[in-house]
Amino acid sequence: MESNDSEEECISKPTTKLTGYEQIIEYQEPNGHFTQLPEKYSIYNSIEIPEEISSNLKESVEGNLIWTTILCLLLLEKHYGKKKDEWLMIAKKAKSYLKKNMINIVDYSAYKALLV
């Protein structure tokens, strides 16, 4: 029996559109930080990194990654709090990243007001 490789190549995996909190967690890296905000929340990219956060970073840590990670955690809490049990481990990983890369842990929940 002859195999037909070209037939197998034509079969594509179904793509699923990410919805809800999945749009946020898709940008988390294995070490815990988030690389960017989803397009849906890009308005928050204009928020400056607060001095309290930028002054508490360890050397060689990119402040934008810390701030983006904090914003993603805040967005998860604000918009998807009812599904927290589904993204809780993602948040723990992100908080661990923040703890490793900041001199003092900043209470980021104080920034919830920035997310109008």
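Which residues have the most contacts inside the largest nonpolar core? Keep that in mind while you get oriented; this is a predicted model, and we'll reach the core after a quick look at the whole chain.

**Whole chain**

Start with a cartoon view. You should see five helices and zero strands, so to speak an α-α-α-α-α pattern when read along the sequence. Now colour by burial: of the 116 residues in the protein chain, 36% are buried. If you draw contacts between residues at least 6 apart in sequence, 70% of them join residues at least 24 apart.

**The core**

Back to the opening question. Select Ile24, Tyr44, Ile53, Ile66, Ile70 and Leu98: these have the most contacts inside the largest nonpolar core, which has 31 residues. Two elements, H4 and H5, each give two or more residues to this core. H4 supplies the largest share, with 11 residues. As a background note, nonpolar side chains in soluble globular proteins tend to be buried together.

Zoom in on Ile70 next. Leaving aside residues up to four places away in sequence, Ile70 touches Ile53, Leu98 and Tyr108.

**Helix H4**

Select residues 63-80, which is helix H4. Put a distance between its end C-alpha atoms and you get 25 Å; 18 residues at 1.5 Å a residue should span 26 Å, so the two agree. H4 is mostly covered, with 14 of its 18 residues buried.

Now pick Thr68, which lies in H4. Is Thr68 buried or exposed? Its relative accessibility is 12%, and because the cut-off for buried is under 20%, Thr68 counts as buried. Show its side chain: a polar atom there lies 2.7 Å from the backbone oxygen of Asn64. Then show what Thr68 touches beyond four places in sequence, namely Phe34, Thr35, Gln36 and Leu37.

**The salt bridge**

Stay on H4 and select Glu77, together with Lys112. The structure holds one salt bridge, and this pair forms it, with the closest N and O atoms 3.6 Å apart. The pair links distant parts of the chain: Glu77 is in helix H4, while Lys112 is in the segment after H5, 35 residues apart. Switch to a surface view to check both ends. Glu77 is partly exposed at 22% relative accessible area, and Lys112 is partly exposed as well, at 42%.

**Helix H5**

Move on to residues 84-101, helix H5. H5 has 18 residues and reaches 24 Å from its first C-alpha to its last, close to the 26 Å expected at 1.5 Å a residue. Where does H5 bend? Look along the helix to Ile90, where H5 bends by about 30°.

Colour the buried residues of H5: Trp87, Ala91, Ala94, Tyr97, Leu98 and Asn101. What covers these buried residues includes helix H4. A reminder for reading that list: an α-helix has 3.6 residues a turn, so residues three or four places apart point the same way.

**Asn31, across from H5**

Select Asn31, found in the loop between helix H2 (22-25) and helix H3 (51-54). At 41% relative accessibility, Asn31 counts as partly exposed. Add Ser96 to the selection: the C-alpha atoms of Asn31 and Ser96 are separated by 8.8 Å, although the two residues are 65 residues apart along the chain. Not counting residues up to four places away in sequence, Asn31 touches Lys93 and Tyr97. Closer by in the sequence, look at His33, whose side chain is joined to that of Asn31 by a polar contact of 2.5 Å.

**Asn56, the last stop**

Finish in the loop between H3 and H4, where you'll find Asn56. Asn56 is buried, with a relative accessible area of 11%. What does the side chain of Asn56 make a polar contact with? One partner is the side chain of Asn104, at 3.0 Å. The backbone oxygen of Glu52 also lies 2.6 Å from a polar atom of the Asn56 side chain. To complete the view, show the residues that Asn56 touches beyond four places in sequence: Asn101, Met102, Ile103, Asn104 and Val106. Asn101 is one you have already coloured, as one of the buried residues of H5.

Key: Residues are numbered from 1 along each chain as its sequence is written. This is a predicted model: local features need pLDDT of at least 70, side-chain atom pairs count only at pLDDT 80 or more; totals for chains, interfaces and linings use all residues. Side-chain values use heavy atoms; hydrogens and water are left out. Helices (H or I, at least four residues) and strands (E, at least two) are DSSP runs, numbered from the N terminus. The expected span of a helix is 1.5 Å times one less than its number of residues. The bend at a residue is the angle between axes fitted to the seven residues ending there and the seven starting there. Buried means under 20% relative accessible area, exposed over 50%, partly exposed in between (1.4 Å probe, protein chains only). Contact means heavy atoms within 4.5 Å. A nonpolar core is a set of buried Ala, Val, Leu, Ile, Met, Phe, Trp, Tyr and Cys residues joined through side-chain atoms within 4.5 Å. A polar contact is a pair of N or O atoms within 3.5 Å; within protein, one must be able to donate a hydrogen and the other to accept it, and residues adjacent in sequence count only if both atoms are side-chain atoms. A salt bridge is a side-chain nitrogen of Lys or Arg within 4 Å of a carboxyl oxygen of Asp or Glu.
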